[in-house]
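Subject: Structure for your review

Dear colleague,

Please find below the structure that I am handing over to you, together with its sequence. My findings follow directly after it.

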Amino acid sequence: SISGVDIDRFVPNVQHRQAVREQLGIANTDLVFVYLGRLNVDKGLLDLAAAFALAAQPNWHWLIVGPDEADMMPMIMAQCQVVAPQVHFVGRSHAPEVEMAAADVSCLPSYREGFGTVLIEAAAMGIPALASRIYGITDAVVEGKTGLLHTAKAVNEIAEKMQLLATDAELRKRLGEQAMQRARRDFSQAYVTGEVVAFYARVVPSVIR
């Protein structure tokens, strides 16, 4: 979080969006929720799985990107049996901006976070957030302006807000545009690094010459 986001790397990319969707058999008009990060229980993935299974429509998809360090996928798929063809696990990615480009909503239902950097990366690409209302994430998401927040572990609330984002394209567009503006204004690497250097120059001016 201290280094900001590479806004030249995390940008909307139509070619990546189309390529990933074609590879996974997802139509251009379908809706994609993405989780990007380590797979473990504290990330709230079983809650998100239960919510997705509860609310998902035939044109919804859940894209899961990241290392399965706790063997979570069997548990996730057990929760998502009725919508299994709509869940796509691609594992670890060395270019997460590629998979992220395919998404319409970025999800982070964690129980605890230091800072939701992945949400800022998604925001820089114009992707709104659906995430837990917890310390750390509330710094990354402005509720109602760059995304929607929910109570941690609240499956029904997650499902309701997934449904809201899925059915209101104008809301997704507005949240995504505002998220992009904020990410590029307040979280670019150049800006964040400059602010850190300026802070040290004020606090210990003899160190920064």
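I begin with L36, which touches V65, P96, M100 and V118 when residues up to four places away in sequence are left out of the count. Please bear in mind throughout that this is a predicted model. L36 belongs to strand β1. With a relative accessibility of 17%, L36 counts as buried, the cut-off being under 20%. A further relationship concerns S106: the C-alpha atoms of L36 and S106 lie 7.9 Å apart in space, although 70 residues separate the two in sequence.

One of the residues that L36 touches, V118, leads to helix α5. This helix comprises residues 117-124, and seven of its eight residues are buried, so α5 is largely enclosed by the rest of the structure. The buried residues are V118, L119, I120, E121, A122, A123 and A124; a glutamate, E121, is thus among them. Which elements do the buried residues of α5 pack against? They pack against three strands and three helices, namely β1 (31-36), β4 (105-108) and β5 (129-132) together with α4 (96-100), α6 (137-140) and α8 (169-186). Just after the helix, G126 adopts a positive phi of about 80°.

Aromatic pairs

A search of the whole structure returns four aromatic pairs. One of them is formed by F52 and W62, whose rings are tilted, with 6.0 Å from centre to centre and 45° between the planes. This pair links distant parts of the chain: F52 lies in helix α2 (residues 45-55) and W62 in strand β2 (residues 60-65), 10 residues apart. Both partners are buried, F52 with a relative accessible area of 0% and W62 with one of 1%.

F115 and F187 form another tilted pair, at 5.9 Å centre to centre and with 35° between the planes. Here too distant parts of the chain are linked, since F115 is in the loop between β4 and α5 while F187 is in the loop between α8 and α9 (189-203), with the two positions 72 residues apart. F187 counts as buried at a relative accessibility of 15%.

Ring pairs also join F33, F52, W60 and W62 into a cluster.

The chain as a whole

The protein chain contains nine helices and six strands. Its radius of gyration is 17 Å, close to the 17 Å given by the globule rule for 209 residues, so the chain is as compact as a globular protein of that length. Along the principal axes, the C-alpha trace spans about 65 × 35 × 30 Å. Of the 209 residues, 49% count as buried. Among contacts with a separation of 6 or more, 69% involve residues 24 or more positions apart.

As regards the surface, the protein chain exposes about 10000 Å², of which carbon and sulfur atoms supply 52%. The chain carries 19 positive and 23 negative side chains, and the centres of these two sets are 6 Å apart.

When you open the model, I would suggest starting from L36 and its contact with V118, and then following α5 to the elements against which its buried residues pack.

With kind regards

Methods: Residues numbered from 1 in each chain as written. Heavy atoms only, no water. Buried < 20%, exposed > 50% of the residue type's maximum accessible area, 1.4 Å probe, protein only. Helix = DSSP H or I, 4+ residues; strand = E, 2+ residues; numbered from the N terminus. Contact = heavy atoms within 4.5 Å. Rg over C-alpha atoms; globule rule 2.2 N^0.38 Å. Areas by Shrake-Rupley, 256 points an atom, 1.4 Å probe, with all protein chains shown as cover. Lys, Arg positive; Asp, Glu negative; His and termini not counted. Charge placed at Lys NZ, Arg CZ, Asp CG, Glu CD. Phe/Tyr/Trp six-rings, centres within 6.5 Å; stacked < 30°, edge-to-face > 60°.
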